[in-house]
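Let's take a stroll through this protein, one helix and one strand at a time. Keep the picture open while you read.

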Amino acid sequence: MSKYLKKLVITDLSKRLEGVNDLLVVDVVGMNAEKTYLVRKQLREKGLSLLVVRRTLAAKACEGTSLAPAFDSMEGSTALVWGGEDFVDLAKEVVKLNDDDKLPGFTAKGGVMDGESLNPESVKAISKWPNRAEQLSLLVGQILGPGRTLAAQIKGPGAKLASQVKQVGENQEG
């Protein structure tokens with residue numbers, strides 16, 4: 001590949017990754033075209049992008065950005081995966097594909113999150129975290145919990161009194 005062509009690839013990759021703060025590096029070596037298509041389709045349905053690229057070109061395209069640590073200790077072939085609503089969703093999807101027996105060539109190699117390099121074990125650990133929607137639902141539950149308890153405590157004695165008054169009224173009629 002000529003220097004001019006390499007420069008074009010690096011420029012294009014830099015533009016594609018502009019605004020991306022977190023990504024994962026995977027290996028797709030050993031997968032045939034059909035399986036690679038299925039992986040790309042699954043990722044696309046989740047709003048994720050997959051790009052197979054030479055590691056050295058990707059490292060040069062990411063120099064000076066928060067993505068650079070992903071390539072510090074990386075060796076071999078690489079494919080970059082990024083996108084989605086949040087990084088936890090991205091990690092969950094990559095780990096799910098990594099653990100799929102039907103896709104033996106798909107392997108999570110690491111990545112970068114908030115400027116910190118990740119290894120395969122940390123990617124698996126992150127995939128077990130709650131995603132953004134789950135975190136918001138937990139937070140809302142914690143916010144509403146004390147109010148719900150207070151409302152039940154206020155309503156409880158009044159409901160008891162009302163049922164006793166109703167019972168006395170029914171006894172006097174009958």
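A residue is called buried here when its relative accessible area is under 20%, and exposed when that value is over 50%. One thing to know up front: this is a predicted model.

**A helix with two sides**

Start with helix α2, which covers residues 33-45. Its 13 residues reach 18 Å from the first C-alpha to the last, close to the 18 Å expected at 1.5 Å a residue. Which residues of α2 are buried? They are Thr-36, Val-39 and Leu-43. Looking down the axis of α2, you'd find these buried residues within an arc of 60°, so they line one face of the helix. Their cover includes β2 (48-53), β3 (78-83) and α4 (87-99). Flip to the face turned away from that buried side, and you meet the exposed residues Ala-33, Glu-34, Arg-44 and Glu-45. After α2 comes Gly-47, with a positive phi near 80°.

**A strand with two partners**

Now for strand β4 (residues 107-113), which is mostly covered, with 6 of its 7 residues buried. Here is how β4 pairs up:

| Partner of β4 | Direction | Bridges | A facing pair |
|---|---|---|---|
| β1 (residues 23-27) | antiparallel | 5 bridges | Val-26 and Ala-108 |
| β5 (residues 116-118) | antiparallel | 3 bridges | Ser-117 and Val-112 |

β4 and β5 also make a hairpin, with 2 residues between them. In that turn, Asp-114 has a positive phi of about 55°.

**Zooming out**

The domain assignment gives domain 1 (3-129) and domain 2 (132-173). How far apart are the C-alpha centres of domain 1 and domain 2? They lie 50 Å apart.

How values were computed:
Residues numbered from 1 in each chain as written. Predicted model: local features only at pLDDT ≥ 70, side-chain atom pairs only at ≥ 80, totals over all residues. Heavy atoms only, no water. Helix = DSSP H or I, 4+ residues; strand = E, 2+ residues; numbered from the N terminus. Expected span 1.5 Å × (residues − 1). Buried < 20%, exposed > 50% of the residue type's maximum accessible area, 1.4 Å probe, protein only. Arc of directions from axis to C-beta. Contact = heavy atoms within 4.5 Å. Domains from an automatic or database assignment. Pairing = 2+ DSSP bridges.
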